[in-house]
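Subject: Structure handover

Hi,

Here is the structure I promised to pass on. Please load it first; my notes on what turned up follow below.

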Amino acid sequence: MHQPTPPSTADDNGRPRDLPPRLPSTDDGPGRPPAHALRPASAPARTAPGPRHATGLPPAHTALICVALPGLAISTDQGQLTGQGLDGFYRAGRRLLARCQVRVAGREPLAVQARMTGADSARFVGTVRVSPAAGPDPDVVVERTRHADGTERITLRSYAVHPLRLPLEVALATDLAELGAIAAGTPGPELPAGVHGSGLRWTTPSGNSSIITADPPPADALASAGLLRWEFELPPGGTAGVELRVRAEGAGPSRAVGRGAASPLAPAGATGDHPGVAALLRTSIDDLEALLIRDPAHPSDTCLAAGAPWRCGLAPAEALAAARMALPLGTRLAAGTLRTLARTQLRGPGPRTGMIPGPRRDAGAHLPPACTGTEATLLFPVLLAEARRWGLPEQETQELLPAAEGCLTWLRTQAGDGTYLCAPEPGGPVRSETQAHAHRAALLGADLLDAYGRPGAAALRQWAHELAEAFRVDFWAADRGGGRPVAALDPDGRPLALLGATAVHLLDTGLLGAGRPATGLLDKIQTEQLARLLGGPAMDSGWGLRGMAAKEAGHNPFGHRSGAVRVQETALAVAGLAAAGYEKEAGGLLRGLLAAAAHFGHRLPEMFAGEQRSDGSAPVPHPAACRPAATAAASGILLLTTLVGIRPDVPAGTVTLRPLHSAPLGELGLTGLRVAGAPFSVRVSRLGLAMVEEAADGLRLGK
């Protein structure tokens, strides 16, 4: 057996230092708020506390979360913002308004409908019975449209047979708490309000302030009660409305990064036999645009936050993974992500030179936390190499090449003379998925170096070859069922034969030239066995791939690394199985995840419970999951483009199509994708035959 080589780094237990303060970093704990928001608040809330949970974390699974970063608006399905739990309007992690409670004619509207109308907006409908003769029928409808940019429109519609005089009261309050304090259950007291122009103003002792304005201005503004009042005369069938706008004092209007011409993502569309494909693609793109963030020091570069509500900052490994899955929508997001992270790359001297820093990620009960900086460093050259295949301009590729070379140098330095890439902390395990990331980075990185005449490609390929030969022996546990991949080796080389979703990374080999996938770490027989395991009932819940097989010790269907369905890993499994030719298993996972997506309104969460699907059942939400989440939204793009099998090689002027011949969703058409910077449209028939309908001039169909 090949013994793991001790890591060559001896820093603070391998923990990468924080990213520069320009963009906050987040970790991958379940529902963990951004690290920059974890400062405790000063005092308990003045209002009655909501229900406390064992972790102190308010549940998010039932919330309607409007996102257009840096803005959020979080509501229950009742429409009223009560100041409890996560309710409120947020900007850059601070709650600008916690309470917004409407009363019409002295009555609170009865909530009858709440729904998302877009990634950044929600609509709430309530009714009020005002006329005594109306009987059981409401005669006033109250509609509220709420946006993540801090605006809310309240519209009253009268269906009474006589004119009505309707007083409208809006009670407002805030604590100006940070999201981390709210998550910890210590948001602080409501602040006293002051009248400010046509609205109210609140200020903390530390100087943070928020302002709410109203149009039209209220007839009365009572600062002591935080109350704005209007009185409207409505004829039968008449309407009246008020627009509220909340903002941080001194800040301009909240402008979302991803809207309009500023979006780096192509406005692609889908049609087909399956009723959910159009909504899945549309919602995936909307959610990705809602999660875009910008480096203030370099405003032309955008990348993705990890997810809302808890992780609205930059998580390097997830930003790279999501940008990679979103390459069919163009290379602008990949370029912005790569440039942003290249500026965080550690410079010498020292063994960590070339590393992209990242926080630690919980790995479940069987393994210690993993370093996401390792994953990010290995993803960087992979994303650059594949973005080049999709059409990243040569000048941009060459500008990013030194950073990619730094990542590859770090890889060779860390591996040293050993066969495997070890954990950065001394005495840590040798993880299977880390070897998969490293093998892919070595092969695609070597391809990239060769393309630009840079040295080092031969050594990377040789190391990758030796890694694969050793891996097929050391990381495979034989048993009577055909064997299984090993999750990790301990420092003494003993295997942890645990079947989990991290094994899907063994199928994600990466794209080389002429539409060829790179070779993987498993041989053909092992790949076939892994496909059988992933498609079996222990791993496939019927809604997606469990994080850990149901028969493993410690399995928990809600465990974020021990049994919950993680959307990204399910999508990677579908793509990897399809590329390896295992269409039955790929199709089963694909159909299950699309069925789950329909239950979630096509806004997939980062994870949900891995309970077994049965007739009449529905996927069970995870109370701490981010929704939307960057990797889950990007997974929708990967799932649909996997059905078509688009494999571009823009430097060679070709695009190869490898559709699933079984056509598991029937006919499918994708329009408005981007290859070589130009629109690309393709259609797959019910027989699994693909045809290009639109492409860049000079782009040829590969074999």
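**Cis prolines and an unusual phi**

Pro309 sits in the loop between strand 20 (298-307) and strand 21 (311-314). The peptide bond that leads into it from Ala308 is cis, with omega near 10°. Bear in mind that this is a predicted model.

Gly348 and Pro349 are also joined by a cis peptide bond, and omega there is about -5°. Pro349 lies in the loop between helix 4 and strand 22 (360-361).

Next, a backbone angle. Ala105 is not a glycine, yet its phi is positive, at about 55°. Look for Ala105 in the loop between strand 6 (99-104) and strand 7. Why flag these spots? Most residues other than glycine have a negative phi, and most peptide bonds are trans.

**Around helix 4**

Helix 4 covers residues 332-342, and helix 5 covers residues 372-390. They pack at an angle of about 150°, and their axes are 10 Å apart. An angle over 145° counts as roughly antiparallel, so that is the label for helix 4 and helix 5. The crossing of helix 4 past helix 5 is left-handed.

Which residues meet there? On the helix 4 side they are Ala334, Leu338, Leu341 and Ala342. On the helix 5 side they are Phe380, Leu383, Leu384 and Ala387. By class, this contact has eight nonpolar residues, no polar and no charged ones.

Helix 4 also packs against helix 6 (residues 394-415). Their axes come within 10 Å and cross at roughly 35°. This crossing is left-handed. Helix 4 contributes Ala335, Leu338, Arg339 and Ala342 to the contact. Helix 6 brings Glu396, Leu400 and Ala403. By class, that makes five nonpolar, no polar and two charged residues. Leu338 and Ala342 of helix 4 take part in the contact with helix 5 and in the contact with helix 6.

**Two open sheets**

Eight strands form an open sheet in the order 7-8-9-10-17-14-13-12, with antiparallel pairing. Its edges are strand 7 (110-118) and strand 12 (193-196), each of which pairs on one side only. Neighbouring strands in this sheet are turned by 20° against each other on average, direction ignored.

One pairing in this sheet is worth a look. Strand 13 (residues 199-203) runs antiparallel to strand 14 (residues 209-215), and five bridges join them. Thr203 has Ser209 of strand 14 as its bridge partner.

Another open sheet has four strands in the order 18-33-34-35, again with antiparallel pairing. Strand 18 (269-272) and strand 35 (690-694) are the edges, each pairing on one side only. Here the average turn between neighbouring strands is 25°, direction ignored.

How many bridges join strand 18 to strand 33? There are four, and strand 33 spans residues 668-675. The two strands run antiparallel. Gly272 has Leu668 of strand 33 as its bridge partner. Helix 2 (residues 277-290) lies across strand 18 and strand 33, and runs at about 170° to strand 18.

**Strands 2, 4 and 5**

Strand 2 (residues 71-75) and strand 4 (residues 88-91) run antiparallel, joined by four bridges. The partner of Ile74 in strand 4 is Gly88.

Strand 4 also pairs with strand 5 (residues 94-97). That pairing is antiparallel and has three bridges. Arg91 has Arg94 of strand 5 as its bridge partner. Strand 4 and strand 5 form a hairpin with two residues between them. Ala92 in that turn has a positive phi of about 50°.

**Salt bridges**

The count comes to 37 salt bridges. Side chains of opposite charge can pair when their charged atoms come close. One such pair is Arg95 with Asp175, whose closest N and O atoms are 2.6 Å apart. This pair links distant parts of the chain. Arg95 is in strand 5, while Asp175 is in the loop between strand 11 (164-173) and helix 1 (179-183). The two residues are 80 residues apart.

That covers what I have. Over to you.

Best wishes

Key:
Residues numbered from 1 in each chain as written. Predicted model: local features only at pLDDT ≥ 70, side-chain atom pairs only at ≥ 80, totals over all residues. Heavy atoms only, no water. Axes fitted to C-alpha atoms, helices over the stretch in contact; angles between N-to-C directions. Parallel < 35°, antiparallel > 145°, perpendicular 65-115°, else oblique. Left-handed = near helix turned anticlockwise from the far one by under 90°. Contact = heavy atoms within 4.5 Å. Nonpolar A, V, L, I, M, F, W, Y, C, P; charged D, E, K, R; others polar. Pairing = 2+ DSSP bridges. Salt bridge = Lys/Arg side-chain N within 4 Å of Asp/Glu carboxyl O.
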